[in-house]
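Take a first walk through this fold. Start with one helix, then turn to the sheet.

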Amino acid sequence: MDQKDASAELLADLCTLTRRAEPQRVPVRVWFMSGVERVTFPDGATAVFKYARPPFNREDQALRMARTRGVPVPRVHASAQREGWLGMLMDDLGEPVREADNSDGAAAAVALHAARPVTVLPLLDEARLAALPARALDHLDHLRKADRWPDTGDVEATLDRLAQAAGVRARGADLAPFGWVHSEFHPTSLHISHRGWRLLDLARAFTGPGLLDLASWHGTLDDPDPTRLRQLLETYVASGGTPDAFTERGGLPAEAWALGWHRVWAVEWFMEQAIRWINDPTTDPAYLKVVRRHLTDAVRLLEA
């Protein structure tokens with residue numbers, strides 16, 4: 001089922017579930033794996049319609065679980081599945097009044113990390129964190145067998161270095177904060193209104209080291225900055241986060257550990273996308289460029 005058909009059929013199912021007539025649709029953000037639209041029903045009521053294909057098609061479960069645990073998230077009115085595609089009707093939060101700042105991010109991270117964990121989310125504990133470089137090597141092997149990613153001996157060598165160091169450097173992954181991890185935690189993940197904030201985009205939430213959220217807050221376009229992350233950690237603890245956030249892990253300062261492992265986590269995810277979820281050889285040069293940059297950062301930060 002293609003995206004256009006999937007979104008149309010899912011919206012029809014959702015209208016049936018909520019006993020509403022077909023609405024008008026206005027795209028907000030759409031790419032080939034997911035889409036967000038604002039829909040307006042004949043009575044003037046509005047909602048947000050979000051649809052997604054794997055691996056983003058379990059967000060309704062994450063949002064509902066987070067809401068029951070007191071995390072401020074949009075309410076899911078109804079959800080449906082068709083041939084692996086997920087569709088949701090959610091609260092329309094309107095336009096944000098401002099962008100989220102570091103204080104907002106720290107407060108949101110505290111609330112999420114304090115929520116009672118759930119067993120149905122994927123787990124990234126110490127052993128699984130240490131296995132990420134080996135998983136990335138497996139992805140590289142599959143890419144090469146598909147006659148893709150040639151001349152990547154440097155990528156293999158760097159992943160080998162990280163794999164050798166991973167057992168030591170992953171130590172402390174299970175220290176607090178350990179539990180809910182948003183995984184795509186950026187200022188755009190928070191909606192700020194006059195009524196407060198709501199946490200968005202929990203499609204890839206998992207159970208693991210909460211420091212990975214804080215490491216992702218400033219994005220990955222700029223060089224990783226341990227000093228800036230340390231300042232965010234201080235704001236996080238001052239906002240009610242556990243002081244254990246400052247604890248050294250794997251023989252490294254918390255900020256270097258978090259930034260380094262976040263880059264390793266991103267590399268494994270990008271490589272899995274390249275071979276499994278997107279699987280488009282035309283995107284290989286862009287993905288390979290990002291992977292090389294993140295690997296360079298990871299080796300430096302993790303002192304591998």
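In this predicted model, the buried residues of α5 are Leu132, Pro133, Ala136, Leu137, His139, Leu140 and Leu143. Look down the axis of α5: these buried residues fall within an arc of 160 degrees, so they line one face of the helix. What do they pack against? Their partners are α4 (126–130), α6 (153–169) and α9 (254–277).

Now follow α5 along its length. The helix covers residues 132–145, which makes 14 residues. From first C-alpha to last, α5 reaches 20 Å, close to the 20 Å expected at 1.5 Å a residue. Asp147 follows α5. The phi of Asp147 is positive, near 60 degrees.

Next comes the sheet. Five strands form it, and the sheet is open. Their order is β1-β2-β3-β5-β4, with antiparallel pairing. Which strands are at the edges? They are β1 (24–31) and β4 (76–82), each pairing on one side only. From one strand to the next, the twist averages 20 degrees.

Look closer at one pair. β4 and β5 (residues 85–90) run antiparallel, joined by six bridges. Among the residues involved is Ser79, whose bridge partner in β5 is Met88.

Two helices can be added to this picture. Helix α1 (residues 3–18) packs on the sheet and touches β1, β2 (34–40), β3 (46–52), β4 and β5. The direction of α1 makes about 135 degrees with that of β4. Helix α2 (residues 59–68) also packs on the sheet, touching β3, β4 and β5. The direction of α2 makes about 40 degrees with that of β5.

Note on methods. Residues are numbered from 1 along each chain as its sequence is written. This is a predicted model: local features need pLDDT of at least 70, side-chain atom pairs count only at pLDDT 80 or more; totals for chains, interfaces and linings use all residues. Side-chain values use heavy atoms; hydrogens and water are left out. Helices (H or I, at least four residues) and strands (E, at least two) are DSSP runs, numbered from the N terminus. The expected span of a helix is 1.5 Å times one less than its number of residues. Buried means under 20% relative accessible area, exposed over 50%, partly exposed in between (1.4 Å probe, protein chains only). The arc is that of the directions from the helix axis to the C-beta atoms. Contact means heavy atoms within 4.5 Å. Two strands pair if DSSP finds at least two bridges between them. Axes are lines fitted to C-alpha atoms, for helices over the stretch in contact, and angles run from 0 to 180 degrees between N-to-C directions.
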